[in-house]
Amino acid sequence: MNERGKSDRPIVLGKPPNKDAGAPASAEGVEGEGLAEGKTRRFPKVRTQSRRALQEGLERIRQASKARKEERLTALWHHVYNPNRLHEAYLALNRESAPGVDGMTWEQYGQELWANLTDLAERLQRGAYRPPPVERTYIPKRDGSLRPIGKPTLEDKIVQRSVAEVLGTVYETEFQGFSYGFRPGRNPHNALDALSVGLTGKRINWVLDADIRGFFDAMSHEWIERFLQHRIADPQVIRQIQRWLRAGVMEEGKKTQSEEGTPQGGSISPLLANLYLHYAFDLWVHRWRRRHARGEVIVVRYADDFVVGFSRRDEAEQFLEELRERLQSFNLELHPNKTRLIEFGRRAAQNRARRGDGKPETFNFLGFTHMCSTDRKGRFIVRRHTMRQRLTAKLHQIRQELRQRLHAGVAATGEWLRSVLEGHYQYYGVPRNSRALGQLRDQVMRIWCWMLRRRSQKHKVTWARMVRLAKRWLPQPRITHPYPDQRLCVITRGRSPVR
C-alpha cells in the first residue's frame with residue numbers, strides 16, 4: 001500500500017507482442033528486451049497502420065488507467081521511444097520556433113530525419129539520452145516584469161512531446177472536470193463558458209479571483225516526483241522526468257540548477273504544472289466543498305489562474321484562509337496583488353446599492369473583464385469585455401510593427417492588419433463584446449492613417465481615402481463565439497461544467 005492507501009501493484013501494459021503486422025516492433029515488444037551482441041534494432045518507417053497502432057497503444061493505456069485507478073502503471077517507456085511516435089511529435093512542432101543551445105532548426109533536423117529519429121529512439125531505449133540544459137530568455141509581461149522562457153533543443157522538444165502524450169493519456173482519466181488549461185480538447189473559451197454558466201446558473205454571491213505567484217518557478221522537484229509515483233511505476237519514465245528537472249538552464253553562457261521550478265517553453269512543463277495543481281489544489285478543492293461547504297461552490301481553473309464562486313461570504317473567507325495554508329505546504333503562495341475576494345452575482349448590485357457601495361466590482365480572467373449586468377428583460381447576466389490592458393498592449397504592438405512597415409506597400413500592410421484583426425476577433429469575439437472590438441478597429445484605422453501621413457511631408461492621405469482603405473483591408477468586428485450556455489450545453493450534454 002502507498003501513502004494514499006492504494007495498492008502499489010503496477011499495471012503492466014504491452015508485454016505480449018502484438019501480432020498485427022502493421023504495428024512496429026518497438027511499440028509491441030517487451031520493455032527492456034535485449035539484443036544480440038553487436039546488433040542494433042532496426043525500426044520501421046511510418047505507415048498508416050503504424051499510426052493506427054500508436055492510437056491503439058494509447059487507448060490501451062487509457063482503458064487500463066481508467067479501469068484500475070488504485071494501481072500504478074508500468075511498461076510505458078516503449079510507447080515513448082517508438083520512432084513512429086517520435087516522428088509524429090516532430091511533425092507537430094512549430095517549424096519557426098527558435099533553436100536551443102545546439103542551434104539545430106526544424107529544417108536541419110529533417111534533412112536526415114529518419115536516421116536522426118532512429119538514433120534518438122535507440123538512445124532512449126537503452127537509457128543513454130541526456131537532455132541538454134535549456135536556454136533561458138525573458139519576455140516582458142503586461143505588469144512590466146519579465147517572464148522567463150526556456151528554449152529546449154529540437155530533439156528535446158521531440159522527446160518531451162512524446163512523453164507528454166503518453167503521460168497525458170494516463171492523467172486525462174484523473175484530472176478534474178473544472179481543470180481546463182493545457183488539456184486536449186479544451187481551450188480558454190471552454191473555461192470562460194463554464195465560468196459564465198456557473199455564475200449565472202448557480203446562487204453565487206462572492207467570487208475569489210486568484211493567481212499563484214511565480215508558479216512555474218516555484219514547483220518543488222521533490223513534490224513533482226512524489227506526485228508522479230502515485231500513478232507511474234515505470235522507472236525509465238520517472239528517471240527521464242528527473243533528468244529534465246535537473247538539466248538546468250543556460251543563461252549568458254552559464255549553467256545554473258535549482259531544486260525548484262520547471263522552465264516554460266517545452267511540452268512537458270504544462271503537463272507537470274497540471275499534475276502539480278491536480279494534487280496540490282484540485283483534489284483538495286473537490287474534497288473541501290463536499291465536506292465543508294453548505295452553500296453552492298463553483299470552480300474553474302486554467303493553469304495557475306483560477307476562479308472560485310461561493311454562495312456564502314463566511315465560507316469564501318474560510319476557503320481563502322485554508323487555501324493559503326494548503327498551497328504553502330507545497331511551496332506555493334497566492335499573488336497578493338492578483339488575488340481578490342469580491343461581491344459578485346445576481347444580488348451584488350442590489351446589495352451594494354443598499355449599502356451605498358457603488359457598482360459591483362469586476363474581475364479579469366483569461367483576457368476578459370467580467371462584469372455584473374442585466375439583459376433587455378432585466379435578467380442577470382455576466383458581461384465580458386476585452387481587458388483594457390490587453391487592448392492597450394495590442395495597439396502598442398500594432399503601432400510598433402507599423403513603424404517597421406513605414407515604407408511598405410499599402411496592400412502588404414493592409415493584408416497584415418487584416419490578419420491581426422481577424423485573429424483578434426477569433427479570440428475576443430464573444431457575445432456582447434462588439435463595442436470593444438469596434439474600438440480596436442477604429443484605433444487601428446487612426447494609427448494606420450497617422451503612419452501613412454508620416455511617409456511624406458506632402459501626404460495626400462485624406463480621411464475619406466482612409467475610410468476607403470479601411471473598408472478594403474480592415475474587417476468589421478464580428479462575433480465568432482456563441483452564447484456560453486448554448487455551446488456548453490452541446491459539449492457537456494447536461495453534465496456539470498464546473499463540478
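In what order do the strands of the open sheet of three strands stand? The legends below begin with that sheet and then move through the rest of the predicted model. Residues are numbered from 1 along each chain as its sequence is written, and in this predicted model local features need pLDDT of at least 70, side-chain atom pairs count only at pLDDT 80 or more, and totals for chains, interfaces and linings use all residues. Side-chain values use heavy atoms, with hydrogens and water left out.

**View 1. The sheet of three strands has the order 11-12-13.**
This open sheet is paired in the antiparallel sense. Its edge strands are strand 11 (363-365) and strand 13 (380-386), each of which pairs on one side only. Two strands pair here if DSSP finds at least two bridges between them; strands are DSSP runs of E with at least two residues, helices are runs of H or I with at least four, and both are numbered from the N terminus. Direction ignored, neighbouring strands of the sheet are turned by 40 degrees against each other on average. Such angles are taken between axes, which are lines fitted to C-alpha atoms (for helices, over the stretch in contact), and run from 0 to 180 degrees between N-to-C directions.

**View 2. Two hairpins connect strands 11, 12 and 13.**
Three bridges hold strand 11 and strand 12 (residues 368-374) in antiparallel pairing. Look for Phe-363, whose bridge partner in strand 12 is His-370, and for Asn-364, which stands opposite Thr-369 of strand 12. The hairpin of strand 11 and strand 12 has two residues between the strands, and Leu-366 in the turn has a positive phi of about 55 degrees. On the other side of strand 12, seven bridges make the antiparallel pairing with strand 13. There, Cys-372 has Val-382 of strand 13 as its bridge partner. Five residues lie between strand 12 and strand 13 in their hairpin, and Gly-378 in the turn has a positive phi of about 85 degrees.

**View 3. The open sheet of four strands has the order 8-9-5-10.**
Here, too, the pairing is antiparallel. Strand 8 and strand 10 (340-343) each have a single partner strand, so one side of each is left without a neighbour in the sheet. From one strand to the next, the twist averages 15 degrees. Strand 8 and strand 9 (residues 305-310) run antiparallel and are joined by six bridges; at one point Ile-298 stands opposite Gly-309 in strand 9. Helix 12 lies across strand 8 and strand 9, at about 175 degrees to strand 8.

**View 4. The largest nonpolar core has 76 residues.**
A nonpolar core is a set of buried Ala, Val, Leu, Ile, Met, Phe, Trp, Tyr and Cys residues joined through side-chain atoms within 4.5 Å. Buried means under 20% relative accessible area, exposed over 50%, and partly exposed in between (1.4 Å probe, protein chains only). Ile-158, Leu-167 and Phe-319 touch the most other members of this core, and its largest share, 13 residues, comes from helix 12 (residues 268-291). Leaving aside neighbours within four places in sequence, Leu-167 is in contact with residues including Leu-76, Leu-228, Ile-232 and Leu-271; contact means heavy atoms within 4.5 Å. A second, separate core of 49 residues includes Leu-192, Ile-398, Ala-470 and Leu-474.

**View 5. Two of the aromatic pairs link distant parts of the chain.**
The structure holds 20 aromatic pairs. Rings of Phe, Tyr and Trp (its six-membered ring) pair if their centres lie within 6.5 Å; planes under 30 degrees apart count as stacked, over 60 as edge-to-face and the rest as tilted. The rings of Phe-182 and Tyr-302 form a tilted pair because their planes stand at 45 degrees, with centres 6.1 Å apart. Phe-182 sits in the loop between helix 7 (154-171) and helix 8 (188-201), while Tyr-302 belongs to strand 8 (residues 297-302), 120 residues apart. Phe-182 is partly exposed, at a relative accessible area of 43%, whereas Tyr-302, at 16%, counts as buried. The rings of Phe-227 and Tyr-279 have centres 5.0 Å apart and planes at 15 degrees, so this pair is stacked. Phe-227 lies in helix 10 (residues 221-228) and Tyr-279 in helix 12, 52 residues apart; both are buried. They belong to one aromatic cluster with Phe-215, Phe-216, Trp-223, Tyr-276 and Phe-330.
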